[in-house]
Every structure is written in C-alpha cells, then in structure tokens.
Amino acid sequence: MASGIIIIDKSPGWTSQDVAAKLRGIFSERRVGHGGTLDPMATGVLPIFLGRATRAVEFFESADKEYVAGLRLGMETDTEDITGEVLREAPVQVTRSQVEVALSSLNGEQMQVPPMYSAVKIHGKKLYELARAGKQVERPARKIVIHETELLEGDGELWQFRVHCSKGTYVRTLCAELGKRLGCGGCMHSLRRTRAGRYDLSGAHTIEELLSLSPEERQALLLPVDSMFLQYPALHLSENQTRCIRNGGRFTAHNSEGTYRFYGADGSFLALGQIKEGMAQGIKSFFEVN
C-alpha cells in the first residue's frame, strides 16, 4: 500500500486531477490528493499525496510558490493567457528598464481579483463554468503577497520573469496587470512552477519516468510525509506517550510551547502535534490505523 509524497513535473495539457487519477492507477492507491492546482497549460512542480499522506494536503494549501512565467505584451485575452480569445492588441515599445520597474512595482502585499477563468467558486459554481456560459460575476478581491520578482530575459513583445508569491496568486493576472502598467496590455504565454513549499524541480519526476520504473523503484521515490514539516522540531516519545497519542490522548510535557513532529518509540512518524500549557497532544495523526 503506497503512502507518501511524490513530486511530479507536470506536462502541459494535463490537469492536476488528471495527474492524480493517473497516479491512482500507477500506485494502485485510491487515496490520492494534489498540492495546489496547476492550469493545463502550466508545467512543473505538483506534489501528489498518496495513502495516509493525503491527511497532510490541508497543511500544504498555505504553502508559497515560485514560478517562471512568460509575458506576452501587446495582447489582452479573456482568459489572461494566450489560450483565450483575443480582446485587444496594441503596439509594444518598452525597454528592459521599464519592464523591470513595472515588475518590481508588483512586490508586496496587495489585493487581487481572481480571473473569470479560474476554479474559484462563487455561490457554489466554479468561475470558469460561468465564464464558459458567457456570464460575468463580481469576484471579491483576495489578499496575496508577492515576495520577490526578477526579470530574466526578453525583448519586444516576449519577456520572462520569476516570481515568488503566496498561495492563491494568479500569475495570469499579474501578467495582465503588467501589461496595463506598461500601457500596451499583456497576457501570460507560458508558466512553469519551479517550487511549491519546500519541494522543487530537483526532486520532481515525470509521469513517463514513473511508467518506466518497476513498482519497487516507484515506491523508493516516495517522500515521507514528515518531510513537509521539517520546519518544526522533532519530539521522540516514550512507549507510554506513544500509546497516548495513538489513542487520541494527551500527556504532560516540559518542552517549550509550540508545534512539533511527534515520533513513536519505534522511531516512526506519528503525528503533527503541539505543546500548550504543559500538555502535549496531536494536531493530525499520520500513523496507519490497524
């Protein structure tokens, strides 16, 4: 039975759900979840959670991301990327320094309105479903943070930049905003996610690679679920404390208050836990229930 995290380098044309469904078959595991939706045209880092590790997906939702995006200036579309219907075109006369200034002006905390062609739900309906039906609805702006941007290369209409951003950031919308600030309009022509949380492309595998491996070799690629929580200190429990956590109980602890990784007496990862007011208890368990 597969249990752990595998980092997929998603190919273009696949949805995140497509990848999850494919891995469900590859690993013969029905419990599969993904860590953050990637548009079909996007490529790159997509963490997939298998088996008991799916219990960690909720903790991954707040992870920040890093992308390399392609900006197409002089074109506005209804989807804010090159797959959409062209709404306006304009001549492009920009310098590298102008693009750098516009890009750096995006840094910091801001409010962003999600695009109509997105999976955000309004009154139970996904926005892209409404958009495909020809409907436009008011979308509340959401707080995002652009931690860092860097202009990589480009000239004329086509540019490439790196962005480190908070969860919920639509890079398509950043591209459209850049076009507005540069006075010629813009949209996204490519997107590659290079990092999600602590996982990056250096540990990513393609679907084709997985299909070429034996079941044993695939299992060896699975990362343990506690790899997601390395920012928290480890707490190794006694046999009595282990039984307590496995039974959903609490025990007295003299460690500093905070969040910990709890390991059982046999060294296995038991749970993400916390110590508060001298008592230790689990937040989320990850041991297999017999």
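A polar contact is a pair of N or O atoms within 3.5 Å, of which, within protein, one must be able to donate a hydrogen and the other to accept it. In this predicted model, such a contact, of 2.8 Å, joins the side chains of Ser227 and Tyr199.

**Ser227 and its surroundings**

Ser227 is found in the loop that lies between helix α7 (215-221) and strand β14 (234-236). Although Ser227 belongs to a loop, its relative accessible area is 13%, and because buried means under 20%, Ser227 counts as buried. When residues up to four places away in sequence are not counted, Ser227 touches Ile5, Arg198 and Tyr199.

**Ala253, a second buried loop residue**

Ala253 lies in the loop between β15 and β16, and this residue is buried as well, with a relative accessible area of 7%. Leaving aside its neighbours within four places in sequence, Ala253 is in contact with Ile275, Gly278, Met279 and Ala280. For one of these partners, Met279, the C-alpha atom is separated from that of Ala253 by 5.4 Å, while the two residues are 26 residues apart along the chain.

The two loop residues are set out below.

| Residue | Loop | Relative accessible area |
|---|---|---|
| Ser227 | between α7 and β14 | 13% |
| Ala253 | between β15 and β16 | 7% |

**Helix α8 and the strands that cover it**

Helix α8 spans residues 239-246, and within this helix Thr242, Cys244 and Ile245 are buried. Seen down the axis of α8, these buried residues fall within an arc of 160°, so they line one face of the helix. An α-helix has 3.6 residues a turn, so residues three or four places apart point the same way. The face of α8 that is turned away from the buried side carries Glu239 and Asn240, which are exposed. What covers the buried residues of α8 includes the strands β15 (250-252), β16 (258-263), β17 (269-276) and β18 (279-285). The helix is followed by Gly248, whose phi is positive, near 80°.

**The protein as a whole**

The protein has 8 helices and 18 strands, and of its 290 residues 47% count as buried. Its C-alpha atoms fill a box of roughly 70 × 45 × 40 Å, taken along the principal axes. Among the contacts with a separation of 6 or more, 67% are accounted for by residues 24 or more positions apart. The protein exposes about 14500 Å², of which carbon and sulfur atoms supply 47%. As for charge, the mean positions of the 35 positive and the 35 negative charges are 7 Å apart.

Technical notes. Residues numbered from 1 in each chain as written. Heavy atoms only, no water. Buried < 20%, exposed > 50% of the residue type's maximum accessible area, 1.4 Å probe, protein only. Helix = DSSP H or I, 4+ residues; strand = E, 2+ residues; numbered from the N terminus. Arc of directions from axis to C-beta. Contact = heavy atoms within 4.5 Å. Areas by Shrake-Rupley, 256 points an atom, 1.4 Å probe, with all protein chains shown as cover. Lys, Arg positive; Asp, Glu negative; His and termini not counted. Charge placed at Lys NZ, Arg CZ, Asp CG, Glu CD.
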